[in-house]
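Reader: I'm new to reading structures and I'd like a close look at a single part. Could you walk me through the metal site and then what sits around it?

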Amino acid sequence: MTDTNPIGIHALVWVGDTSPASVQTAVRQSAACGYDILEFSLHDSLNLDRSATRKLLEENGLRAACSRGLARDADISSDHPTVVARGQRLLQESLDVTADIGATVLTGALYSAFGKAPAPLTKTGRDKVVGVLKELAAEAAARGVTLGLEICNRYETNVVNTAREALALADDIGSDNVMIHLDTYHMNIEEDDLVTPVKDVGDRLGYVHIGENHRGFGALGAIGYRGPVTFESFSSAVLASGLSNDLAIWRNLWDDGEDLARKAHTFIAAGLANGHAIAAP
Ligand code: MN
């Protein structure tokens with residue numbers, strides 16, 4: 001256990017796809033800006049050359065994490081067995097990619113389709129989520145991978161919108177290698193404040209997404225969190241249009257990924273240092 005949190009960056013800050021040239025750009029630029037972890041979205045992992053990516057990460061001293069949500073026709077929270085089965089296959093493929101590139105974290109909305117749900121989660125749907133993720137967690141454990149439950153806002157999932165709901169889901173899955181993933185963007189929409197959820201999750205917190213200028217670092221220090229803090233920000237300057245529309249990127253906050261990445265690293269490193277200092281007795 002190191003004394004500082006590894007700082008991650010989402011590959012979509014750099015590139016909109018996972019072609020060999022794009023992966024090379026993302027890896028080299030992330031390392032050059034001082035990041036420790038590069039997070040790949042597996043929405044577009046068909047082009048991903050797994051062994052070349054693994055080698056490139058190793059050569060550049062970077063760790064990797066993978067993330068994804070599911071799709072309407074491949075969704076383990078569905079009432080329909082064929083849709084659940086397709087979702088389960090998608091998760092298994094994603095676990096393969098994660099392990100093959102040498103990443104140790106697979107996180108995101110692993111429990112449902114990404115997007116505004118047409119109706120509340122059903123009991124059948126929730127039971128499916130628990131059953132499928134329990135199985136996936138066992139396979140992941142055998143491959144040295146930890147699964148994350150990223151808590152997303154109501155417009156992106158109907159399965160877990162708050163830390164309390166995610167803790168209850170993790171309890172029901174009951175696997176040691178399933179952790180909670182908080183994202184300040186979603187917390188800002190669904191939680192009463194940015195501190196209580198961090199304290200509630202406590203030592204089950206395994207991954208954090210940070211994308212905006214909130215001072216949520218003190219709470220991470222207070223619970224002694226030393227896991228990854230990954231900078232996630234999207235702009236249609238980089239994103240493919242389909243994903244850009246799914247994420248509701250109607251207003252671009254940046255167009256220069258490198259400038260953004262450098263500033264974000266400085267800001268996060270300083271925030272973490274201060275947060276931990278504040279938490280120290
Ligand atoms: Mn996120």
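Author: Here is a walk through the metal site, then the residues around it, and then the helices. Keep in mind that this is a predicted model.

Let's start with the metal, which is a manganese ion. Which protein residues act as its donors? There are Glu150 and Glu232, each through OE, plus Asp183 through OD and His209 through ND1. These donors lie 2.0 to 2.2 Å from the ion. Along the sequence, the spacing of the donor residues reads E-x32-D-x25-H-x22-E. Now pick out two of them: Asp183 sits in strand β6, residues 178-183, while Glu232 sits in the loop between β8 (229-231) and α9 (241-246), so this pair ties together parts that are 49 residues apart in sequence. Are these two buried or exposed? Asp183 is buried, and Glu232 is buried too.

Next, have a look at His186. You'll find His186 in helix α6, which covers residues 184-190. Its relative accessibility is 4%, and that is why His186 counts as buried: the cut-off for buried is under 20%. What does His186 touch, if you skip its neighbours within four places in sequence? The contacts are Glu150, Ile151, Cys152, Asn153 and Glu156. You've met one of those names already, since Glu150 is one of the manganese donors.

Strand β6, the home of Asp183, also holds Met179. With a relative accessible area of 9%, Met179 is buried. Here's a nice example of folding bringing chain parts together: Met179 and Gly148 are 31 residues apart along the chain, yet their C-alpha atoms are separated by 4.9 Å. Gly148 also turns up among the contacts of Met179, again leaving aside neighbours within four places in sequence. The others are Val105, Thr146, Leu147, Leu149, Arg204, Gly206 and Tyr207.

Now go to the other end of that loop after β8, which brings you to helix α9. Two residues in α9 make a good contrast. Ser244 is in this helix, and at 3% relative accessibility Ser244 counts as buried. Beyond its neighbours within four places in sequence, Ser244 is in contact with Ser236, Leu239 and Ile249. Asn245 belongs to α9 as well, but its 46% relative accessibility makes Asn245 partly exposed. If you want a sense of distance, the C-alpha atoms of Asn245 and Ala103 are separated by 28 Å, with their positions 142 residues apart along the chain.

Past that helix comes Ala248, in the loop between α9 and α10 (257-279). Ala248 has 42% relative accessibility, so it counts as partly exposed. What is the phi of Ala248? The value is near 60°, which is positive, and the residue is not a glycine. To put that in context, most residues other than glycine have a negative phi.

Finally, let's see how some of the helices pack. Begin with α3 (residues 81-100) and α4 (residues 123-142): their axes are 11 Å apart and the packing angle is about 25°. That makes α3 roughly parallel to α4, as the cut-off for this is an angle under 35 degrees. The crossing of these two is right-handed. On the α3 side the contact uses Val84, Gln88, Leu91, Gln92 and Leu95, and on the α4 side Lys128, Val132, Leu133, Glu135, Leu136, Glu139 and Ala140. Sorted by class, this contact has seven nonpolar, two polar and three charged residues.

Helix α4 has another partner, helix α5 (residues 163-173), with axes 9 Å apart and an angle of about 55°. The two are therefore oblique to each other, and α4 passes α5 in a right-handed crossing. From α4, Arg126, Val129, Val130, Leu133 and Lys134 meet Ala168, Leu169, Asp172 and Ile173 from α5. That contact divides into six nonpolar, no polar and three charged residues. Leu133 is worth clicking on, as it is listed in the contact with α3 and also in the contact with α5.

One more pair: α1 (residues 20-32) and α2 (residues 50-59) have axes that come within 10 Å and cross at roughly 20°. These helices are therefore roughly parallel to each other, and their crossing is right-handed. Here Val23, Gln24, Val27 and Arg28 of α1 meet Thr53, Leu56 and Leu57 of α2. By class, that gives four nonpolar, two polar and one charged.

Conventions. Residues numbered from 1 in each chain as written. Predicted model: local features only at pLDDT ≥ 70, side-chain atom pairs only at ≥ 80, totals over all residues. Heavy atoms only, no water. Axes fitted to C-alpha atoms, helices over the stretch in contact; angles between N-to-C directions. Helix = DSSP H or I, 4+ residues; strand = E, 2+ residues; numbered from the N terminus. Parallel < 35°, antiparallel > 145°, perpendicular 65-115°, else oblique. Left-handed = near helix turned anticlockwise from the far one by under 90°. Contact = heavy atoms within 4.5 Å. Nonpolar A, V, L, I, M, F, W, Y, C, P; charged D, E, K, R; others polar. Donors = N, O, S within 2.8 Å, 3.2 Å for Na, K, Ca; no water. Buried < 20%, exposed > 50% of the residue type's maximum accessible area, 1.4 Å probe, protein only.
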